[in-house]
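Work through the exercises below with the sequence and the structure at hand. Try each task before reading its solution.

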Amino acid sequence: MDYEARLAISFYKTISVLNEDHEVYLVRHQNTQKIYVKKILTIYNKQVYEYLKEHPIAGTPRIIELCEEDDHLILIEEFINGTTLQEMIDQHICSVSDIRNYLIDLCSILHKLHSHVPPLIHRDIKPSNIILTEEDHVILLDFNAAKYSSASKEADTMLIGTKGYAAPEQYGFGSSTPQTDIYAVGILCKELCASVTPACHSFDAIIDKCTQMNPADRYASVLDLKSALESSDSPGLTAKADVKSFRSFLPPGFRTGKISHMFLAIIGYALSLWLIFAEAPSGYSLPHLIIRRTTLFLMLFSVIGTTFNYLGIQRFFPLCQSRKWPLRLFGILLADIALYTLFAIIGGLFEYLVFS
């Protein structure tokens, strides 16, 4: 037993249960107060997690601590706040351009895994294991079923993965290879397309090639699959993606494109600008007045930006990522106060240095 690793894990205090059946918990480090996820695994490959801990891969949660004792592995990993693809499928909110962009990002993550020597195969790609952050970044979770591809071509002896997404070789018809993950991406693409109304058939040829029974008939690599997805682009898809990217930079209230949201936002911004420019103190020079009003502008709009998570700013404040809404609201309030005070201090210091 690794007593040093066990001591490190003891600093993480459980604050809520995320999945009792699978022993997944939300924990907080007692010294740093940062929030993480704790997992107790009974099926795992320790070498995989040790590699991911020492060589973090962008697009996967960072492994913070791990400790093996008896027949299980205790894991502390980065907490990722976002929405799973399964939730998006259930709510039918994916567009065709979303599907394409998410799968391209997923292929980029898988390429990093498959580029390892020997290739690292995830073996459990499914909608619930893929999270989209508030910035629309794809994160691949859960490496419980992951293993290194074996050069011996020895068949998998048991199913480790999820029925419906697992490739035929995971049922004992061959060994797991990069094509195993490609098969699962094809099933994922099929399910995403079925959630679109009306059902999308833009990727039928890609799905068909990904899900061939014989691994040799699938794409030779995820880079080939990624290239196929990129070449499936059309002016309509590009336009939708560009609009979505542009909208992320619009101020709160205008990102959804809903008339009601924009109407309320216009009223709110008009009121804020009136508060900034309505007062005209006598005896102030123009430069002095500009600094005063700029400071007030930054103070007010920093609160708006933080409250409505403009460009994902809440990710820098741990409490804002809490799954408990009272704690999350409290975190947002603290973040608002912190930024409001910060800009007030900066404006005051700048005014003092310039005019003193």
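**Exercise 1.** In this predicted model, decide whether Glu-68 is buried, partly exposed or exposed, and find its salt-bridge partner.

*Solution.*
1. The relative accessibility of Glu-68 is 29%. Buried requires a value under 20% and exposed a value over 50%, so Glu-68 counts as partly exposed.
2. Glu-68 forms a salt bridge with Lys-46, and their closest N and O atoms are 3.4 Å apart. That satisfies the cut-off, because a salt bridge needs such atoms within 4 Å.
3. Glu-68 sits in strand β4 (residues 63-69) and Lys-46 in helix α2 (residues 46-54), so the pair, 22 residues apart, links distant parts of the chain.
4. Lys-46 also has a relative accessible area of 29%, and is therefore partly exposed.

**Exercise 2.** Which residue pairs with Glu-77 in a salt bridge, and are the two partners buried or exposed?

*Solution.*
1. The partner is Lys-39, with the closest N and O atoms 3.2 Å apart.
2. Glu-77 belongs to strand β5 (residues 72-78) and Lys-39 to strand β3 (residues 35-41); the two are 38 residues apart, and the pair links distant parts of the chain.
3. Glu-77 has 6% relative accessibility and is therefore buried. Lys-39 is buried too, with a relative accessible area of 6%.

**Exercise 3.** Describe the salt bridge between Glu-169 and Arg-218, then name the network that shared partners create.

*Solution.*
1. The side chains of Glu-169 and Arg-218 meet at 2.8 Å, N to O.
2. Glu-169 lies in the loop between β10 (147-148) and α5 (178-195), while Arg-218 lies in the loop between α6 (204-210) and α7 (222-231). They are 49 residues apart, and this pair links distant parts of the chain.
3. Glu-169 is buried at a relative accessible area of 3%, and Arg-218 is buried at 3% relative accessibility.
4. Salt bridges with shared partners join Lys-39, Glu-77 and Asp-142 into one network.

**Exercise 4.** How many salt bridges does the model have?

*Solution.*
1. The count comes to 8 salt bridges.
2. Among them are Glu-68 with Lys-46, Glu-77 with Lys-39 and Glu-169 with Arg-218.

**Exercise 5.** Which residues make the nonpolar surface patch of about 540 Å², and where is Tyr-352 placed?

*Solution.*
1. The patch is made by Phe-350, Tyr-352, Leu-353, Val-354 and Phe-355.
2. Tyr-352 is in helix α11 (residues 325-355).
3. The relative accessible area of Tyr-352 is 55%, so this residue is exposed.

Conventions
Residues are numbered from 1 along each chain as its sequence is written. This is a predicted model: local features need pLDDT of at least 70, side-chain atom pairs count only at pLDDT 80 or more; totals for chains, interfaces and linings use all residues. Side-chain values use heavy atoms; hydrogens and water are left out. Helices (H or I, at least four residues) and strands (E, at least two) are DSSP runs, numbered from the N terminus. Buried means under 20% relative accessible area, exposed over 50%, partly exposed in between (1.4 Å probe, protein chains only). Patches are made of residues with over 30% relative accessible area and no salt bridge: like charges are joined within 9 Å, nonpolar side chains (Val, Leu, Ile, Met, Phe, Trp, Tyr) within 5 Å. Accessible areas come from the Shrake-Rupley method with a 1.4 Å probe; for residues, only the protein chains shown count as cover.
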